[in-house]
Amino acid sequence: MSQKIGIFPASGGLGTSIINHLVKLVPASQLILIARNPEKLASLSREGATIRRADYDDHATLERVFDNVGVLMLISYASFEIQHRVEAHKAAIDAARRSGVKHIFYSSLAFAGDLGESSLAHVMGAHLATEKYLAELPGHFTYTAIREGIYSESFPIYTAWFDLHNPVEEITIPHPGTGPGVAWAKRDELGEATAKMVYAYAKNPSGFPYLNRVVLLSGPREVSLQETAEILGRAVGKPVRIREITVEEYVALPQIRDKHTYRGVNLSREWATAWEAIRAGETAVVSPVLGEILGREPEDFETTIQGLVKGRQ
């Protein structure tokens with residue numbers, strides 16, 4: 001395998017997971033790891049990886065940083081805004097193409113149902129725009145947009161910041177808990193499958209089955225938000241229930257404003273659109289692809305939550 005694999009940003013939960021699984025498949029010398037704080041990657045540098053610095057928020061740092069990268073794993077900008085996030089993604093994609101990158105994997109998100117092109121969820125807006133940008137780019141270039149399943153570990157975002165170590169008995173969200181739910185997926189299994197997809201492309205580009213398309217990685221089954229609360233209750237040893245409130249009441253909750261402020265703007269009302277999308281069934285789609293790539297049944301939500309409580313994750 002001659003072409004080098006780039007990862008940007010090579011940090012954060014998903015990025016770290018992808019790297020941890022990639023180094024089991026390829027020598028570290030095949031990796032070009034790009035991060036805002038490259039000193040955090042010192043151990044991988046000692047193993048032979050090339051470490052470079054770039055920052056989504058400083059477009060000048062992106063120029064030439066992808067040189068000698070054949071395949072790039074581009075992890076989405078960590079934000080909830082749409083426009084700023086899209087511009088950051090476009091700047092990185094354009095810089096990668098100028099550096100001669102042949103294929104970009106992009107970490108999208110598992111809203112929009114069965115690979116749809118629209119979503120009720122504000123959080124999906126930047127992902128859909130980035131997928132569209134990749135699809136419409138001309139030239140000798142291919143892409144794969146991976147709609148990473150809703151992380152099992154991200155349940156607090158959808159449960160008014162339920163805390164396993166300081167649990168409440170009532171989750172107040174603008175959703176009744178019934179109806180279509182979420183096909184929760186363990187983050188490290190998403191990282192493992194993503195790493196295996198990147199490796200499969202790098203090893204055999206022409207035989208890669210997901211060229212120029214979107215692919216969904218989801219957990220093994222849909223779990224309603226009501227059942228999610230019951231699983232959380234079993235994990236903490238006390239009953240937990242959902243009480244539906246209005247969006248106005250949700251936005252006014254004291255724990256919400258701080259959690260949903262991005263770049264000084266409070267986007268809690270925009271975040272509440274996630275429950276509209278869940279209600280519409282966007283996150284309930286179960287795809288077999290994660291299990292196929294892992295070569296095993298993905299871990300179920302309750303097992304992951306029990307592991308978090310016991311400190312195994």
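A145 stands opposite V214 in β8, in a model that is predicted. Strands β6 and β8 run parallel and are joined by 5 bridges. They belong to an open, parallel sheet of 7 strands, ordered β3-β2-β1-β4-β5-β6-β8. The points below treat this sheet, the helices that pack on it, the enclosed and open spaces, and the surroundings of R234.

**Sheet order and edges**

- The edges of the sheet are formed by β3 (50-53) and β8 (213-217); each has a single partner strand, so one side of each lacks a neighbour in the sheet.
- On average, and with direction ignored, neighbouring strands of this sheet are turned by 20° against each other.
- Although β8 is an edge strand, 4 of its 5 residues are buried, so the rest of the structure largely encloses β8.

**Pairing around β1**

- Strand β1 (residues 4-8) pairs with strand β4 (residues 69-75) in the parallel sense, over 5 bridges.
- Within β4, the residue opposite K4 is V69.
- On β2, β1 has a further parallel partner, and 3 bridges join the two strands.
- Here I7 stands opposite L33 in β2.

**Burial of β2**

- Strand β2 (residues 31-35) is mostly covered, with 5 of its 5 residues buried.
- The cover extends to both faces of β2: L31, L33 and A35 are buried on one side, and I32 and I34 are buried on the other.
- L33, which stands opposite I7, is thus one of the buried residues of β2.

**Helices on the sheet**

- Helix α3 (residues 83-98) packs on the sheet and touches β1, β4 and β5 (103-109).
- The direction of α3 makes about 175° with that of β4.
- Helix α4 (residues 125-136) lies across β5, β6 (142-148) and β8.
- The angle at which α4 runs to β5 is about 160°.
- Strand β5 is therefore touched by α3 and crossed by α4.

**Cavity and pocket**

- The structure contains 1 cavity of 30 Å³ or more.
- About 50 Å³ of space lies in the largest cavity.
- The lining of this cavity consists of A110, G113, G149, I150, V182, A183, L216, S218, E282, T283 and V285.
- The largest pocket has a volume of about 1,100 Å³.
- A total of 41 residues line the largest pocket, and those closest to its centre are S76, Y77, A78, S79 and R85.
- Two or more residues of the pocket lining come from each of the elements α1 (12-22), β5 and α5 (155-158).

**Surroundings of R234**

- R234 is located in helix α7 (residues 225-236).
- With a relative accessibility of 46%, R234 counts as partly exposed, because that class lies between the 20% limit for buried and the 50% limit for exposed residues.
- Apart from neighbours within four places in sequence, R234 is in contact with E302 and Q306.
- The side chains of R234 and E302 are joined by a polar contact of 2.8 Å.
- R187 lies 47 residues from R234 in sequence, and the two are 21 Å apart in space, C-alpha to C-alpha.

Note on methods
Residues are numbered from 1 along each chain as its sequence is written. This is a predicted model: local features need pLDDT of at least 70, side-chain atom pairs count only at pLDDT 80 or more; totals for chains, interfaces and linings use all residues. Side-chain values use heavy atoms; hydrogens and water are left out. Buried means under 20% relative accessible area, exposed over 50%, partly exposed in between (1.4 Å probe, protein chains only). Contact means heavy atoms within 4.5 Å. A polar contact is a pair of N or O atoms within 3.5 Å; within protein, one must be able to donate a hydrogen and the other to accept it, and residues adjacent in sequence count only if both atoms are side-chain atoms. Two strands pair if DSSP finds at least two bridges between them. Axes are lines fitted to C-alpha atoms, for helices over the stretch in contact, and angles run from 0 to 180 degrees between N-to-C directions. On a 1 Å grid over the protein atoms alone, a cavity is a set of points where a 1.4 Å probe fits but cannot get out, and a pocket is an open set with protein on both sides within 12 Å along at least five of seven lines; lining residues have an atom within 4 Å of a point. Grid points are joined across faces, edges and corners, and a volume is the space filled by probe spheres set on the points.
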